[in-house]
Amino acid sequence: MPTKTLQISTADGQADAFVAFPSQGEPHPGVLMYADGFGIRPVLREMARELAGHGYYVLVPNLFYRHGPAPVIGLPEHIGEEVRPELMAQLMPLIEAHTAERVLSDADAYLKFLTAQPEVAAGPVAVTGYCIGGLLAVRTAAAHPGQVAAVAAFHGPVGADGPDAFADLTAKVHFGHAESDLTPEALGKLNRALDAAGVGYTSEIYPGTVHGFTMSDTDAFDPAGLQRHWDRLLPLLDRTLANN
(Lines give C-alpha, C1' and ligand atoms only; values in the text may rest on other atoms or scores of the structure.)
Protein backbone atom coordinates (compact mmCIF):
# COMPACT_ATOMS: atom_id res chain seq x y z
CA MET A 1 0.00 0.00 0.00
CA PRO A 2 1.84 3.14 -1.17
CA THR A 3 1.81 6.07 1.24
CA LYS A 4 3.37 9.51 1.10
CA THR A 5 3.85 12.57 3.24
CA LEU A 6 3.69 15.67 1.07
CA GLN A 7 3.02 19.41 0.96
CA ILE A 8 -0.04 21.17 -0.43
CA SER A 9 0.15 24.81 -1.47
CA THR A 10 -2.57 26.93 0.13
CA ALA A 11 -3.35 30.63 0.25
CA ASP A 12 -1.53 30.79 3.59
CA GLY A 13 1.49 28.57 2.98
CA GLN A 14 2.22 24.86 2.80
CA ALA A 15 0.01 22.24 4.42
CA ASP A 16 1.62 18.92 5.22
CA ALA A 17 -0.54 15.91 4.45
CA PHE A 18 -0.58 12.12 4.42
CA VAL A 19 -1.85 10.11 1.46
CA ALA A 20 -2.54 6.43 0.92
CA PHE A 21 -3.66 4.76 -2.31
CA PRO A 22 -3.84 1.36 -4.00
CA SER A 23 -0.61 0.08 -5.49
CA GLN A 24 -2.00 -1.11 -8.79
CA GLY A 25 -4.70 -0.54 -11.36
CA GLU A 26 -6.33 2.42 -13.01
CA PRO A 27 -6.70 5.76 -11.25
CA HIS A 28 -9.01 5.59 -8.25
CA PRO A 29 -11.70 7.89 -6.86
CA GLY A 30 -10.43 10.53 -4.45
CA VAL A 31 -11.43 10.92 -0.81
CA LEU A 32 -10.54 13.91 1.34
CA MET A 33 -10.37 12.75 4.96
CA TYR A 34 -10.44 15.33 7.74
CA ALA A 35 -8.88 14.17 11.01
CA ASP A 36 -10.27 14.88 14.45
CA GLY A 37 -8.73 17.68 16.51
CA PHE A 38 -5.78 15.55 17.56
CA GLY A 39 -4.72 15.44 13.93
CA ILE A 40 -2.58 13.15 11.81
CA ARG A 41 -1.10 10.33 13.89
CA PRO A 42 -0.77 6.55 13.62
CA VAL A 43 -4.49 5.81 13.99
CA LEU A 44 -5.41 8.25 11.21
CA ARG A 45 -2.75 6.80 8.93
CA GLU A 46 -4.13 3.33 9.67
CA MET A 47 -7.67 4.44 8.81
CA ALA A 48 -6.48 6.07 5.59
CA ARG A 49 -4.66 2.89 4.59
CA GLU A 50 -7.75 0.82 5.40
CA LEU A 51 -9.91 3.01 3.18
CA ALA A 52 -7.30 3.04 0.41
CA GLY A 53 -7.35 -0.75 0.49
CA HIS A 54 -10.94 -0.59 -0.74
CA GLY A 55 -9.87 1.24 -3.88
CA TYR A 56 -9.58 4.92 -3.01
CA TYR A 57 -6.90 7.62 -3.04
CA VAL A 58 -7.12 9.10 0.45
CA LEU A 59 -5.76 12.54 1.36
CA VAL A 60 -5.45 13.50 5.05
CA PRO A 61 -4.30 17.13 5.49
CA ASN A 62 -2.89 18.66 8.65
CA LEU A 63 -5.75 20.98 9.63
CA PHE A 64 -3.54 23.18 11.78
CA TYR A 65 -0.55 23.53 9.46
CA ARG A 66 -0.44 27.29 10.15
CA HIS A 67 0.85 26.37 13.61
CA GLY A 68 3.41 23.79 12.47
CA PRO A 69 3.69 20.30 10.99
CA ALA A 70 1.74 17.37 12.40
CA PRO A 71 1.63 16.50 15.20
CA VAL A 72 1.16 20.16 16.11
CA ILE A 73 1.05 19.29 19.81
CA GLY A 74 2.80 16.46 21.60
CA LEU A 75 0.57 13.39 21.80
CA PRO A 76 0.95 10.28 23.94
CA GLU A 77 0.64 6.87 22.32
CA HIS A 78 -2.74 6.50 24.04
CA ILE A 79 -4.96 9.52 24.67
CA GLY A 80 -6.54 8.64 28.00
CA GLU A 81 -9.09 10.68 29.87
CA GLU A 82 -6.45 11.73 32.37
CA VAL A 83 -4.51 13.67 29.72
CA ARG A 84 -7.43 14.79 27.55
CA PRO A 85 -8.17 18.08 29.41
CA GLU A 86 -4.55 19.23 29.09
CA LEU A 87 -4.44 18.32 25.39
CA MET A 88 -7.76 20.04 24.69
CA ALA A 89 -6.51 23.18 26.42
CA GLN A 90 -3.67 23.26 23.89
CA LEU A 91 -5.93 22.44 20.94
CA MET A 92 -8.82 24.82 21.56
CA PRO A 93 -6.93 27.97 20.51
CA LEU A 94 -5.99 26.21 17.25
CA ILE A 95 -9.57 25.10 16.66
CA GLU A 96 -10.90 28.58 17.39
CA ALA A 97 -8.36 30.13 15.01
CA HIS A 98 -9.50 27.77 12.24
CA THR A 99 -12.28 30.05 11.07
CA ALA A 100 -14.91 29.19 8.48
CA GLU A 101 -13.06 31.42 6.03
CA ARG A 102 -9.86 29.46 6.56
CA VAL A 103 -11.71 26.16 6.32
CA LEU A 104 -13.14 27.02 2.91
CA SER A 105 -9.89 28.48 1.61
CA ASP A 106 -8.04 25.33 2.63
CA ALA A 107 -10.78 23.11 1.20
CA ASP A 108 -10.33 24.75 -2.19
CA ALA A 109 -6.61 23.97 -2.08
CA TYR A 110 -7.09 20.39 -0.85
CA LEU A 111 -9.63 19.53 -3.54
CA LYS A 112 -7.56 21.18 -6.26
CA PHE A 113 -4.55 19.12 -5.16
CA LEU A 114 -6.53 15.88 -4.79
CA THR A 115 -8.12 16.02 -8.22
CA ALA A 116 -4.81 16.90 -9.91
CA GLN A 117 -3.03 13.74 -8.75
CA PRO A 118 -2.32 11.21 -11.53
CA GLU A 119 -3.51 8.37 -9.29
CA VAL A 120 -6.95 10.03 -8.88
CA ALA A 121 -9.70 9.26 -11.37
CA ALA A 122 -11.66 12.00 -13.08
CA GLY A 123 -15.09 12.65 -11.65
CA PRO A 124 -16.57 13.43 -8.26
CA VAL A 125 -14.86 12.95 -4.93
CA ALA A 126 -15.99 12.25 -1.38
CA VAL A 127 -15.23 13.97 1.91
CA THR A 128 -15.25 12.32 5.31
CA GLY A 129 -14.38 13.64 8.75
CA TYR A 130 -14.17 12.85 12.43
CA CYS A 131 -15.10 15.10 15.36
CA ILE A 132 -14.34 18.69 14.27
CA GLY A 133 -13.34 17.20 10.92
CA GLY A 134 -16.97 16.18 10.44
CA LEU A 135 -18.04 19.81 10.52
CA LEU A 136 -15.25 20.68 8.07
CA ALA A 137 -16.44 17.89 5.78
CA VAL A 138 -19.96 19.32 5.71
CA ARG A 139 -18.67 22.83 5.02
CA THR A 140 -16.48 21.51 2.21
CA ALA A 141 -19.29 19.53 0.59
CA ALA A 142 -21.70 22.49 0.78
CA ALA A 143 -19.11 24.78 -0.83
CA HIS A 144 -18.42 22.33 -3.69
CA PRO A 145 -21.82 20.92 -4.66
CA GLY A 146 -20.78 19.97 -8.17
CA GLN A 147 -17.62 18.20 -7.09
CA VAL A 148 -18.36 16.39 -3.81
CA ALA A 149 -20.71 13.45 -4.36
CA ALA A 150 -20.64 12.02 -0.84
CA VAL A 151 -19.97 13.35 2.65
CA ALA A 152 -19.72 11.35 5.86
CA ALA A 153 -19.15 12.62 9.37
CA PHE A 154 -18.65 10.67 12.57
CA HIS A 155 -19.10 12.00 16.11
CA GLY A 156 -18.94 15.48 14.57
CA PRO A 157 -20.77 18.73 15.42
CA VAL A 158 -22.43 18.70 12.01
CA GLY A 159 -25.27 21.02 13.00
CA ALA A 160 -23.04 23.72 14.46
CA ASP A 161 -23.62 26.13 11.56
CA GLY A 162 -27.40 25.88 11.81
CA PRO A 163 -30.00 24.37 9.48
CA ASP A 164 -29.29 26.82 6.66
CA ALA A 165 -25.83 25.25 6.30
CA PHE A 166 -27.42 22.23 4.60
CA ALA A 167 -29.15 24.26 1.88
CA ASP A 168 -26.34 23.86 -0.66
CA LEU A 169 -25.64 20.19 -0.01
CA THR A 170 -26.11 18.03 -3.09
CA ALA A 171 -23.86 15.21 -1.87
CA LYS A 172 -25.29 12.03 -0.42
CA VAL A 173 -24.80 12.16 3.34
CA HIS A 174 -24.17 9.85 6.27
CA PHE A 175 -23.90 11.15 9.82
CA GLY A 176 -22.89 8.69 12.54
CA HIS A 177 -23.48 10.27 15.93
CA ALA A 178 -22.16 9.24 19.33
CA GLU A 179 -24.87 8.42 21.84
CA SER A 180 -23.18 10.79 24.29
CA ASP A 181 -23.26 13.67 21.77
CA LEU A 182 -26.86 13.70 20.62
CA THR A 183 -30.20 12.97 22.22
CA PRO A 184 -32.96 11.33 20.16
CA GLU A 185 -34.78 14.66 20.26
CA ALA A 186 -31.75 16.52 18.90
CA LEU A 187 -31.32 13.85 16.22
CA GLY A 188 -34.92 14.37 15.15
CA LYS A 189 -34.38 18.13 14.88
CA LEU A 190 -31.21 17.64 12.83
CA ASN A 191 -32.87 15.15 10.50
CA ARG A 192 -35.84 17.45 9.97
CA ALA A 193 -33.40 20.17 8.88
CA LEU A 194 -31.86 17.72 6.39
CA ASP A 195 -35.33 16.83 5.13
CA ALA A 196 -36.21 20.51 4.70
CA ALA A 197 -33.02 21.05 2.69
CA GLY A 198 -33.88 18.13 0.41
CA VAL A 199 -30.72 16.23 1.29
CA GLY A 200 -30.39 12.51 0.58
CA TYR A 201 -29.06 11.15 3.85
CA THR A 202 -28.84 8.62 6.63
CA SER A 203 -28.28 10.03 10.10
CA GLU A 204 -28.27 7.85 13.18
CA ILE A 205 -27.01 7.47 16.72
CA TYR A 206 -24.58 4.59 17.08
CA PRO A 207 -25.76 2.65 20.16
CA GLY A 208 -23.57 2.62 23.24
CA THR A 209 -20.96 5.02 21.87
CA VAL A 210 -19.30 8.10 23.30
CA HIS A 211 -17.63 10.99 21.52
CA GLY A 212 -14.54 9.79 19.64
CA PHE A 213 -15.66 6.17 19.29
CA THR A 214 -13.82 5.59 15.99
CA MET A 215 -10.38 6.40 17.41
CA SER A 216 -8.57 3.32 18.70
CA ASP A 217 -5.93 5.37 20.52
CA THR A 218 -8.46 6.92 22.91
CA ASP A 219 -10.55 5.73 25.85
CA ALA A 220 -13.63 6.50 23.76
CA PHE A 221 -12.86 3.74 21.26
CA ASP A 222 -15.68 1.31 20.57
CA PRO A 223 -14.86 -1.56 18.18
CA ALA A 224 -18.49 -2.11 17.26
CA GLY A 225 -18.90 1.60 16.57
CA LEU A 226 -15.84 1.62 14.33
CA GLN A 227 -17.14 -1.38 12.39
CA ARG A 228 -20.55 0.26 12.02
CA HIS A 229 -18.73 3.31 10.64
CA TRP A 230 -17.08 1.16 7.93
CA ASP A 231 -20.38 -0.61 7.25
CA ARG A 232 -21.98 2.78 6.52
CA LEU A 233 -19.06 4.57 4.85
CA LEU A 234 -17.97 1.97 2.31
CA PRO A 235 -21.39 1.40 0.71
CA LEU A 236 -21.92 5.18 0.55
CA LEU A 237 -18.68 5.62 -1.37
CA ASP A 238 -19.42 2.65 -3.59
CA ARG A 239 -22.83 4.10 -4.52
CA THR A 240 -21.62 7.60 -5.26
CA LEU A 241 -18.15 7.26 -6.77
CA ALA A 242 -17.22 5.42 -9.94
CA ASN A 243 -15.02 2.90 -8.13
CA ASN A 244 -13.79 0.43 -10.73
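**Burial, pairing and internal space**

Reader: What makes β5 largely enclosed by the rest of the structure?

Author: In this predicted model, 6 of the 6 residues of β5 are buried, so the strand is largely enclosed by the rest of the structure. The criterion applied to each residue is a relative accessible area under 20%. The enclosure concerns both faces of β5: Val125, Val127 and Gly129 are buried on one side, and Ala126, Thr128 and Tyr130 are buried on the other.

Reader: Why are β5 and β6 said to pair, and in which sense?

Author: Pairing requires at least two bridges between the strands. Strand β5 (residues 125-130) and β6 are joined by 6 bridges and pair in the parallel sense, so the requirement is met. Among the residues involved, Val127 stands opposite Val151 in β6, and Gly129 has Ala153 of β6 as its bridge partner.

Reader: How many bridges join β3 to β5?

Author: There are 4 bridges between β3 and β5, and the two strands run parallel. Because at least two bridges are needed, this also counts as pairing. Leu32 stands opposite Val127 in β5, and Val127 is the residue that also faces Val151 in β6.

Reader: What makes β6 mostly covered?

Author: Strand β6 (residues 148-154) has 7 of its 7 residues buried. The same cut-off of under 20% relative accessible area applies here.

Reader: What makes α4 mostly covered, and which elements cover its buried residues?

Author: Of the 12 residues of α4, 11 are buried. Including Ile132, Leu135, Leu136, Val138 and Arg139, the buried set of α4 runs to Ala142. The cover comes from elements that include β3 (30-34), α2 (84-97), α3 (100-116), β5, β6 and β7. As for its length, α4 (residues 132-143) reaches 17 Å from its first C-alpha to its last, close to the 16 Å expected at 1.5 Å a residue.

Reader: Why does the span of α5 agree with what a helix should give?

Author: The 13 residues of α5 should span 18 Å at 1.5 Å a residue; the end C-alpha atoms are 18 Å apart, and therefore the two values agree. Just after α5, Gly198 takes a positive phi of about 75 degrees.

Reader: Which residues of α5 are buried, and what do they pack against?

Author: Leu187, Gly188, Leu190, Asn191, Ala193 and Leu194 are the buried residues of α5. They pack against β7 and β8 (201-206). An α-helix has 3.6 residues a turn, so residues three or four places apart point the same way.

Reader: Why is His229 counted as buried?

Author: His229 has 0% relative accessibility and therefore counts as buried; the threshold is under 20%. This residue lies in helix α6 (residues 223-240). Leaving aside neighbours within four places in sequence, His229 is in contact with Met47, Tyr130, Phe154, Tyr206 and Thr214. One of these contacts, Tyr130, is itself a buried residue of β5.

Reader: How many cavities does a search of the whole structure find, and what makes such a space a cavity?

Author: The search finds 2 cavities of 30 Å³ or more. A space is a cavity if a 1.4 Å probe fits in it but cannot get out. The largest cavity has a volume of about 50 Å³. Its lining includes Gly37, Phe38, Ile40, Asn62, Phe64 and Leu91, and by class it holds 8 nonpolar, 3 polar and no charged residues.

Reader: Which classes of residue line the second largest cavity, and what is its volume?

Author: The second largest cavity has a volume of about 30 Å³. Its lining comprises 4 nonpolar, 2 polar and 2 charged residues. Arg66 and Arg102 are among the lining residues, and Arg counts as charged.

Reader: What is the volume of the largest pocket, and why is it called a pocket instead of a cavity?

Author: About 240 Å³ of space lies in the largest pocket. It is called a pocket because its set of points is open, whereas from a cavity the probe cannot get out. The lining has 17 residues, and those closest to the centre are Val158, Gly159, Leu182, Ala186 and Leu190. The elements giving two or more residues to this lining are β7 (172-178) and α5 (184-196), with α5 giving the most, 4 residues. By class, the pocket lining divides into 9 nonpolar, 6 polar and 2 charged residues.

Note on methods. Residues numbered from 1 in each chain as written. Predicted model: local features only at pLDDT ≥ 70, side-chain atom pairs only at ≥ 80, totals over all residues. Heavy atoms only, no water. 1 Å grid on protein atoms, 1.4 Å probe; cavity = no way out; pocket = protein on both sides within 12 Å on 5 of 7 lines; lining within 4 Å. Points joined across faces, edges and corners; volume = space filled by probe spheres on them. Expected span 1.5 Å × (residues − 1). Buried < 20%, exposed > 50% of the residue type's maximum accessible area, 1.4 Å probe, protein only. Contact = heavy atoms within 4.5 Å.
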